[in-house]
Amino acid sequence: MSTAPKAVVFHTSTSSSELDCNDDDIVVITHTKSGANCVLKQFGAHILSFQTGSGKPLIMLSKDAIMDGSAAIRGGIPLCYPQFGQPDKSYPQHGFLRRNKWRVVEGSQFDTDDSAGVSLELELKDVTVARGDGTWGKDTTLNCKCIYTVKIDGNSMTNTLAMENLGSEAFDFQVLLHTYYLVAMGKALNHELCNVKGFEGYLVDDKVSGETYTLGSDPVTIPELIIDRVYTPPSGKIDLNLTIAAGVDNMVQLKANGDVDGTEVQVSGVVWNPHKIKAEAMGDFGSDQYNDMICVEPGLLSDVPKLEGGKIATFTQVMTSI
């Protein structure tokens, strides 16, 4: 790990630009042997970029992302926990991890021949924003701690979130990594160059049309409007294993798995792209940047066991440039 410069590189489909940041909040992971690197902010434990050892960027960050801590960061990899969306209206959408400042775990930084990485942690007592006034409000009897470990090598990045119940009362939760993949050469709407394979047989909940159906053998592509779909695995399917075509000469393998106190939990997936009309309406997103990205988001979303007191749940995604 190294000290960051006063600006961070972010990526669109055709260029790289600099975004001013508070460098006290920036962590840079460099794998010396391969040259791969990852940049993240302690605010939200938010990954802003990842480049392979060959210099290929895999993550997209909005050119209009708000970086001063006043709002969640658009792009990169937002962490969603203890809920995805807002099934519990007593606290904000996607939970509180992405809206608070984490701290680096002392002694966690490493850089070996095999890989490099770092861990960050956040306890509920240090959560000052986005707790709401109900389930996780200041008077809650619940308690938790999260440790987020990021590891990179020449071709891949591994993100592992460990969620510990520090209290005695069990609680329900969801967890999801809202990953924005950079689509090379702005080809997000090109179905041959941008698609997701591996969701065959999953139950689809289309949040735009309201339809539900079982997906056949066709790959998932971005239609001529916003795509916002949840893919729930069929019985017996536990881990997620996808292949993402993300533009010209850019293929990514995504694997994800999770457990609650050692019991494996089925991994769902979400595919999202705001398309033109919604992109133009978002103040923290370039109006044309929907061409540059596809969100493929693994998570534990349905039939997740409660996290009992003193127990730990883990969730891991591995993205590999192939």
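# Strands, cores and rings

β7 and β9 pair in the antiparallel sense, over two bridges. One facing pair here is Arg103 and Glu121, with Glu121 in β9. The model you see is predicted. Keep that in mind as we walk through the structure.

Start with the pairing itself. Strands of a sheet pair through backbone hydrogen bonds, either parallel or antiparallel. β9 has further partners. Two bridges join β9 to strand β8, residues 110–111, and these two strands run antiparallel. Phe110 stands opposite Gly117 in β9. A hairpin of four residues carries the chain from β8 to β9. β10 is another partner: eight bridges join it to β9, again in the antiparallel sense. Within that pairing, Leu122 has Cys146 of β10 as its bridge partner.

Is β9 enclosed or open to the outside? Eight of its eight residues are buried, so β9 is largely enclosed by the rest of the structure. Look at its two sides in turn. In a regular strand the side chains alternate between the two faces of the sheet. On one side of β9 sit Ala116, Val118, Leu120 and Leu122. On the other side sit Gly117, Ser119, Glu121 and Glu123. Every one of these residues is buried, and both faces of β9 are covered.

Now step across to β10. Lys145 lies in this strand, which spans residues 144–152. Which side chain makes a polar contact with the side chain of Lys145? The partner is Glu121, at 3.4 Å. Lys145 has other neighbours too. Leaving aside residues within four places in sequence, Lys145 is in contact with Glu121, Leu122, Glu123, Ala162, Met163, Glu164 and Leu166.

Next, look at the nonpolar cores. The largest one has 70 residues. Trp102, Met157, Phe173 and Phe199 have the most contacts inside it. β10 supplies the largest share of this core, five residues. Apart from this core lies another, of ten residues. Tyr180, Met282, Tyr290 and Met293 are among its members.

Trp102 deserves a closer look. Again, residues up to four places away in sequence are not counted. Trp102 touches Gln42, Gly44 and Ala45, as well as Leu79 and Leu97. Its list also includes Leu120, Glu121 and Leu122. Cys146, Ile147, Tyr148 and Leu161 are among its contacts as well.

Aromatic rings come next. A pair of aromatic rings is described by the distance of the centres and the angle of the planes. How many aromatic pairs does the structure hold? There are eight. Tyr81 and Phe96 form one that is edge-to-face, 6.4 Å centre to centre, with 85° between the planes. This pair links distant parts of the chain, 15 residues apart. Tyr81 and Phe96 are each in the loop between β6 (79–80) and β7 (103–104). Both residues are buried.

Phe96 also pairs with Trp136. That pair is edge-to-face too, at 5.6 Å centre to centre and 70° between the planes. Here the two residues are 40 apart along the chain. Trp136 lies in the loop between β9 (116–123) and β10. Phe96 and Trp136 are buried. Ring pairs join Tyr81, Phe96, Trp136, Phe171 and Phe173 into a cluster.

Move on to Gln174, in the loop between β11 (156–165) and β12 (175–177). Its relative accessibility is 17%, so Gln174 counts as buried, the cut-off being under 20%. The side chain of Gln174 reaches the backbone nitrogen of Phe84 at 3.1 Å. Beyond its neighbours within four places in sequence, Gln174 is in contact with Cys80, Tyr81, Pro82, Gln83, Phe84, Pro87, Leu300 and Leu301. Val105 is 69 residues from Gln174 along the chain, and their C-alpha atoms are separated by 24 Å.

Finish with another sheet. Three strands make an open sheet in the order β3-β4-β5, with antiparallel pairing. Why does one side of β3 and of β5 lack a neighbour in the sheet? β3 (26–30) and β5 (46–51) stand at the edges with a single partner strand each, so one side of each is left without a neighbour in the sheet. From one strand to the next, the twist averages 15°. β4, residues 37–41, is joined to β5 by five bridges. Cys38 stands opposite Phe50 in β5.

Methods:
Residues numbered from 1 in each chain as written. Predicted model: local features only at pLDDT ≥ 70, side-chain atom pairs only at ≥ 80, totals over all residues. Heavy atoms only, no water. Pairing = 2+ DSSP bridges. Axes fitted to C-alpha atoms, helices over the stretch in contact; angles between N-to-C directions. Polar contact = N/O pair within 3.5 Å; in protein donor to acceptor, adjacent residues only side chain to side chain. Contact = heavy atoms within 4.5 Å. Core = buried A, V, L, I, M, F, W, Y, C linked by side-chain atoms within 4.5 Å. Buried < 20%, exposed > 50% of the residue type's maximum accessible area, 1.4 Å probe, protein only. Phe/Tyr/Trp six-rings, centres within 6.5 Å; stacked < 30°, edge-to-face > 60°.
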